[in-house]
Amino acid sequence: MNDAVLRARIVVTARRMNETGINQGSSGNVSARVAGGFFVTPSGIPYEELEDADVVHVAMNGHATGRRAPSSEWRLHRDLYAKRPDAAAVVHTHSPYATTLACLGRGIPAFHYEVAFAGGSDIRCAPYRTFGTQELSDAACAAIEGRRACLLGQHGVVALGADLDDALRLASKVEALARLYWQALQVGEPRILDEEEMARVVERFRHYGPRGGKPRR
Ligand SMILES: [Zn+2]
């Protein structure tokens, strides 16, 4: 995929994030890996006003190139690409239900088997750190270890994927699971599936589904 196509896809993904209700305004950000770095959405521009040329290139040493400043969370994206060879795209949102749980410092346990979409038996919540800092990136990288998504305390969600569609799909799935978990908690305390069962589901997703995507039937 050439750079022009990738820039356009980042813009489309950022807009879809808001159109589908998993993000609001100019919060959240989207990136995709390229050789030696990544493209990322710029800081503080409403996505409906975003043009392909506003997308910023950031090298792995943090050097940014473009007519805009990169997202304030560029360190988070940089560190995920450095540490996670499976990440070709990263979507960060402030989706309402997942962020509600994150505001309570709660991750998503195995209350439903689809939690395994994120790669393990739970979706962890990183402790709160100031936005845009190395400390936030470090906390997120620890919480997402062995997973493809995590919550960020008092902040939002981060999801990675094999491409932009995959990362957006996972971010949407995390929001749907957070909503179900929140709903279940209104009625009672949901039963949590055990580690053995979740390991079986993770294995089935690995075998049947494209990297934790929608399982084939
Ligand atoms: Zn954020």
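Let me begin with two histidines: His-92 is buried, and His-155 is buried as well. Before I go on, please keep in mind that what we are looking at is a predicted model. Both of these residues belong to the zinc site, where the ion is coordinated by the NE2 atoms of His-92, His-94 and His-155, at 2.1 Å. Read along the chain, the donors follow the spacing H-x1-H-x60-H. The site thereby links distant parts of the chain, since His-92 sits in strand E5, residues 89-93, while His-155 sits in the loop between strand E7 (149-152) and strand E8 (156-161), and the two are 63 residues apart. For those of you who will set up the metal, I would add that water is not among the atoms, so the site may look incomplete.

Staying in that loop for a moment, the place of Gln-154 is also between E7 and E8, and its backbone deserves a remark: phi of Gln-154 is near 50 degrees, which is a positive value in a residue other than glycine. As for its surroundings, Gln-154 counts as partly exposed because its relative accessibility is 44%, and partly exposed covers the range between 20% and 50%.

Let me turn to the aromatic residues, of which the structure holds five pairs. One of them is formed by Tyr-113 and Phe-205, a tilted pair with 6.2 Å centre to centre and 45 degrees between the planes. This pair, too, links distant parts of the chain, with Tyr-113 in the loop between helix H3 (96-103) and strand E6 (125-126), and Phe-205 in helix H6, residues 195-208, so that 92 residues separate them. The partners differ in their exposure, because Tyr-113, at 36% relative accessibility, counts as partly exposed, whereas Phe-205, with a relative accessible area of 6%, is buried.

Phe-205 has another partner, Phe-117, and here the rings are stacked, at 4.5 Å centre to centre and 15 degrees between the planes. Phe-117 lies in the loop between H3 and E6 and Phe-205 in helix H6, so this pair ties together parts that are 88 residues apart in sequence. Phe-117 is buried, because its relative accessibility is 6%. Taken together, Tyr-113, Phe-117 and Phe-205 form one aromatic cluster.

Next comes the nonpolar interior. Which residues of the largest nonpolar core touch the most other members? They are Ile-108, Ile-123, Leu-151 and Val-174, out of 44 residues in that core. Helix H1 (3-19), strand E1 (29-34), E5, H3, E7, E8, helix H5 (164-187) and H6 each supply at least two residues of this core, and its largest share, nine residues, comes from H5.

Finally, a word on empty space, for which a search of the whole structure finds one cavity of 30 Å³ or more, with about 30 Å³ of space in it. The lining of this cavity is made up of Ala-126, Pro-127, Tyr-128, Arg-129, Leu-136, Ala-139, Ala-140, Leu-152 and Gly-153. By character, these residues divide into seven nonpolar, one polar and one charged. The largest share of the lining, three residues, comes from helix H4, residues 134-143.

Terms used: Residues are numbered from 1 along each chain as its sequence is written. This is a predicted model: local features need pLDDT of at least 70, side-chain atom pairs count only at pLDDT 80 or more; totals for chains, interfaces and linings use all residues. Side-chain values use heavy atoms; hydrogens and water are left out. Donors are N, O and S atoms within 2.8 Å of the metal (3.2 Å for Na, K and Ca); water is not among the atoms, so sites may look incomplete. Helices (H or I, at least four residues) and strands (E, at least two) are DSSP runs, numbered from the N terminus. Buried means under 20% relative accessible area, exposed over 50%, partly exposed in between (1.4 Å probe, protein chains only). On a 1 Å grid over the protein atoms alone, a cavity is a set of points where a 1.4 Å probe fits but cannot get out, and a pocket is an open set with protein on both sides within 12 Å along at least five of seven lines; lining residues have an atom within 4 Å of a point. Grid points are joined across faces, edges and corners, and a volume is the space filled by probe spheres set on the points. Ala, Val, Leu, Ile, Met, Phe, Trp, Tyr, Cys and Pro count as nonpolar, Asp, Glu, Lys and Arg as charged, and the others, Gly among them, as polar. Rings of Phe, Tyr and Trp (its six-membered ring) pair if their centres lie within 6.5 Å; planes under 30 degrees apart count as stacked, over 60 as edge-to-face and the rest as tilted. A nonpolar core is a set of buried Ala, Val, Leu, Ile, Met, Phe, Trp, Tyr and Cys residues joined through side-chain atoms within 4.5 Å.
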